[in-house]
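Trainee: Please pick out one part of this structure, the surface near the DNA, and go through it closely. I'd like the cut-offs spelled out as you go.

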2 protein chains.
Amino acid sequence: MVSFESFVQTDGAPIYLQIIRHIKQGIAAGTVSDGEEMPSRRVLSALLGVNPNTVQKAYRLLEEEGLITSHSGAKSYLSLTEEKVAAVRTELMEGVVRTLVGAVKGMGVSREEALSLLEKLWDEEVR
Amino acid sequence: MVSFESFVQTDGAPIYLQIIRHIKQGIAAGTVSDGEEMPSRRVLSALLGVNPNTVQKAYRLLEEEGLITSHSGAKSYLSLTEEKVAAVRTELMEGVVRTLVGAVKGMGVSREEALSLLEKLWDEEVR
DNA sequence: AGAACTGTACTATGCTTATAATACAGTTAG
DNA sequence: CTAACTGTATTATAAGCATAGTACAGTTCT
């Protein structure tokens with residue numbers, strides 16, 4: 001069963017996008033695998049404290065991307081291949097790089113400053 | 001005059017927050033300084049192709065933060081001190097690094113991998 | 001003084017996000 | 001079989017974001 005234990009909703013992004021990203025991160029990390037069972041819409045909405053429609057929106061988009069399969073009445077499962085996993089990993093990595101590079105280009109940040117701050121915040125930012 | 005030449009609106013964030021971040025990045029980078037003149041609401045909205053009300057919202061929040069001063073009828077100016085600049089710099093850096101750390105942790109990247117990834121991306125993309 | 005700018009305020013409309021409350025049909029476990 | 005789950009769909013409400021248009025008073029410059 002795909003876990004949402006480490007899910008944190010501190011982001012400014014829409015909830016349904018955070019849910020999608022969380023699942024994609026699990027895919028990229030290899031902590032979830034093909035054929036694994038997804039939490040039902042109702043169960044996950046209760047777990048996260050959000051509306052079932054919000055979870056449904058995330059699941060619908062994930063199905064449109066071909067990452068999960070859903071059939072009316074039955075449970076939903078992850079549908080992964082090596083190609084899909086690689087694509088997800090690339091997508092997430094590119095997002096990280098774009099964010100980082102865009103930010104440091106905007107402000108004058110030294111390489112050492114970035115590295116030391118990364119070390120400092122690494123242990124504070126878990127959950 | 002504060003420049004918006006390098007402003008790009010590719011972010012998923014609200015426009016008024018992107019405007020605020022752009023100005024804060026200029027402050028952190030030292031490319032803008034205390035007393036410098038801000039573009040008028042109407043001029044900047046035309047330049048960015050957004051609504052004047054959107055720029056006004058960004059400017060109002062910046063004034064509430066004490067980073068600019070506005071008086072009815074007159075132009076707006078940056079109001080900076082060393083303390084404010086340092087605070088802006090810290091705020092931006094923490095946001096960036098928290099995003100980076102959160103992302104790579106979700107993807108199952110270790111602390112050492114994250115540090116080496118940052119070093120690698122830095123050398124490839126910034127230099 | 002007058003024209004052209006400035007900040008500021010207000011109303012109205014539309015879209016996206018998120019919630020709430022249902023409803024119905026298919027699947028599955030006891 | 002039946003009850004409890006599942007996915008899916010619908011309608012309604014509310015907030016935030018962005019737009020459009022208008023208005024008014026203060027300032028700046030010639």
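**The surface near the DNA**

Mentor: Let's start with a single atom pair: a phosphate oxygen of DNA strand D sits 3.3 Å from a polar side-chain atom of Ser76(A). That makes it a polar contact (a pair of N or O atoms within 3.5 Å; within protein, one must be able to donate a hydrogen and the other to accept it, and residues adjacent in sequence count only if both atoms are side-chain atoms). Before going on, keep in mind that this is a predicted model, in which local features need pLDDT of at least 70 and side-chain atom pairs count only at pLDDT 80 or more, while totals for chains, interfaces and linings use all residues. Residues are numbered from 1 along each chain as its sequence is written, chains are lettered from A and ligands numbered from 1 in the order in which they are written, and side-chain values use heavy atoms, with hydrogens and water left out.

Strand D also has contacts at its bases. The side chain of Asn53(B) brings an N or O atom to 2.9 Å from a base nitrogen of DNA strand D, and a polar side-chain atom of Arg42(B) is 3.3 Å from a base nitrogen of that strand. Two or more residues of the surface near DNA strand D come from each of α2 (41-48) and α3 (52-64) of chain A, and from each of α1 (15-29) and α3 (52-64) of chain B. Those labels come from DSSP runs numbered from the N terminus, with helices being H or I of at least four residues and strands being E of at least two.

Stepping back, 25 residues surround DNA strand D, and the closest are Arg41(A), Arg42(A), Ile15(B), Asn51(B) and Thr54(B). Here "near" means that one of a residue's heavy atoms lies within 4 Å of the molecule or strand. Of the atoms of DNA strand D that come within 4 Å of the protein, 62% belong to sugar and phosphate. By class there are seven nonpolar, twelve polar and six charged residues. For that split, Ala, Val, Leu, Ile, Met, Phe, Trp, Tyr, Cys and Pro count as nonpolar, Asp, Glu, Lys and Arg as charged, and the others, Gly among them, as polar.

Now for the other strand. DNA strand C is surrounded by 25 residues, the closest being Ile15(A), Tyr16(A), Thr54(A), Arg41(B) and Arg42(B). Sugar and phosphate make up 61% of the strand C atoms that come within 4 Å of the protein. Ile15(A) contributes through its backbone, with an N or O atom 2.5 Å from a phosphate oxygen of DNA strand C. Arg41(B) places a side-chain N or O atom 2.6 Å from a phosphate oxygen of this strand, and for Lys57(A) a polar side-chain atom is 2.9 Å from a phosphate oxygen there. At least two residues of this surface are supplied by each of α1 (15-29) and α3 of chain A, and by each of α2 (41-48) and α3 of chain B. Its classes come to seven nonpolar, twelve polar and six charged residues.

Finally, how do the two chains that share this job of lining the DNA meet? In all, 35 residues of chain A are in contact with 35 residues of chain B, where contact means heavy atoms within 4.5 Å.
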